[in-house]
Amino acid sequence: MRKNVKQAHVEITIGERILDALIEHHMSQIELAEQLQVSPSTISQWCNDKRHPKPRHQKQLCKVLGLDIYELQGYEAPQNDFTMTPAELRLITCFRQMNETQRHFLLLLLETFLQS
């Protein structure tokens with residue numbers, strides 16, 4: 001186990017994490033298989049914990065499903081000033097997709113919200 005990385009307290013399998021992420025993203029196993037360019041039976045085997053995804057597929061899974069690699073593997077991410085949660089990463093991704101006007105109004109809204 002890596003330094004500063006702890007096993008998560010709740011034992012959830014990789015398959016269960018994949019299934020939860022699919023539900024959260026309103027995505028089917030077939031859609032995930034298409035995006036990862038693997039067979040639907042491979043996704044089914046991962047979800048049923050009959051097989052585990054190879055490291056290259058784990059990286060792709062994390063990208064498609066918005067997971068952190070530590071989260072997928074059942075570990076707590078090491079905490080430091082540079083570690084962001086998946087929610088923080090999603091916010092940054094959304095912010096980067098906005099135009100300047102949208103960013104300006106969002107910042108005004110957030111500042112107003114935080115002052116109340």
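**Close-up 1. H57 sits in helix α4, which covers residues 55-65.** This is a predicted model, as are all the views that follow. With a relative accessible area of just 9%, H57 falls under the 20% cut-off, so it counts as buried. Which residues does H57 touch, once those up to four places away in sequence are set aside? The answer is V38 and W46.

**Close-up 2. V38, a partner of H57, belongs to the loop between α2 and α3.** Buried or exposed? V38 comes out at 16% relative accessibility, and because the cut-off for buried is under 20%, V38 is buried. Leaving out neighbours within four places in sequence, the contacts of V38 are A33, I43, W46 and H57. W46 therefore turns up in the contact lists of both V38 and H57. Along the sequence, V38 and H57 are 19 residues apart; in space, their C-alpha atoms are 9.2 Å apart.

**Close-up 3. Q37 has a positive phi, about 60°, without being a glycine.** Look for Q37 in the loop between α2 and α3, which also holds V38. The two part ways on burial: Q37 is exposed, with a relative accessible area of 73%, whereas V38 is buried at 16%.

**Close-up 4. H26 is another non-glycine residue with a positive phi, this one near 50°.** Where does H26 lie? It is in the loop between α1 and α2. H26 has 73% relative accessibility, and since over 50% is the mark for exposed, H26 counts as exposed.

**Close-up 5. R103 and E100 form a salt bridge.** The closest N and O atoms of the pair are 3.3 Å apart. Side chains of opposite charge can pair up when their charged atoms get close to each other. Both residues are part of helix α7 (residues 100-115), 3 residues apart, or about one turn of the helix. How many salt bridges does a search of the whole structure find? It finds 1. As for E100, its relative accessibility is 58%, so this end of the pair is exposed.

**Close-up 6. E11, E16, D20, E24 and E71 make up a negative surface patch.** Helix α1 (residues 14-24) gives the largest share, with 3 residues. E71 comes from helix α5, which spans residues 69-73. How does E71 qualify for the patch? Its relative accessible area is 36%, which makes it partly exposed, and a patch residue needs over 30%, so E71 clears that bar.

**Close-up 7. Stepping back, the chain has 7 helices and 2 strands.** Going along the sequence, they come in the pattern β-α-α-α-α-α-β-α-α. Of the 116 residues, 23% count as buried; H57 is one of the buried residues, and so is V38. Among contacts with a separation of 6 or more, 54% are between residues 24 or more positions apart. The chain exposes about 8,900 Å², with carbon and sulfur atoms supplying 56% of that area.

Terms used
Residues are numbered from 1 along each chain as its sequence is written. This is a predicted model: local features need pLDDT of at least 70, side-chain atom pairs count only at pLDDT 80 or more; totals for chains, interfaces and linings use all residues. Side-chain values use heavy atoms; hydrogens and water are left out. Patches are made of residues with over 30% relative accessible area and no salt bridge: like charges are joined within 9 Å, nonpolar side chains (Val, Leu, Ile, Met, Phe, Trp, Tyr) within 5 Å. Accessible areas come from the Shrake-Rupley method with a 1.4 Å probe; for residues, only the protein chains shown count as cover. A salt bridge is a side-chain nitrogen of Lys or Arg within 4 Å of a carboxyl oxygen of Asp or Glu. Lys and Arg count as positive and Asp and Glu as negative; His and the chain ends are not counted. The place of a charge is taken as NZ of Lys, CZ of Arg, CG of Asp or CD of Glu. Helices (H or I, at least four residues) and strands (E, at least two) are DSSP runs, numbered from the N terminus. Buried means under 20% relative accessible area, exposed over 50%, partly exposed in between (1.4 Å probe, protein chains only). Contact means heavy atoms within 4.5 Å.
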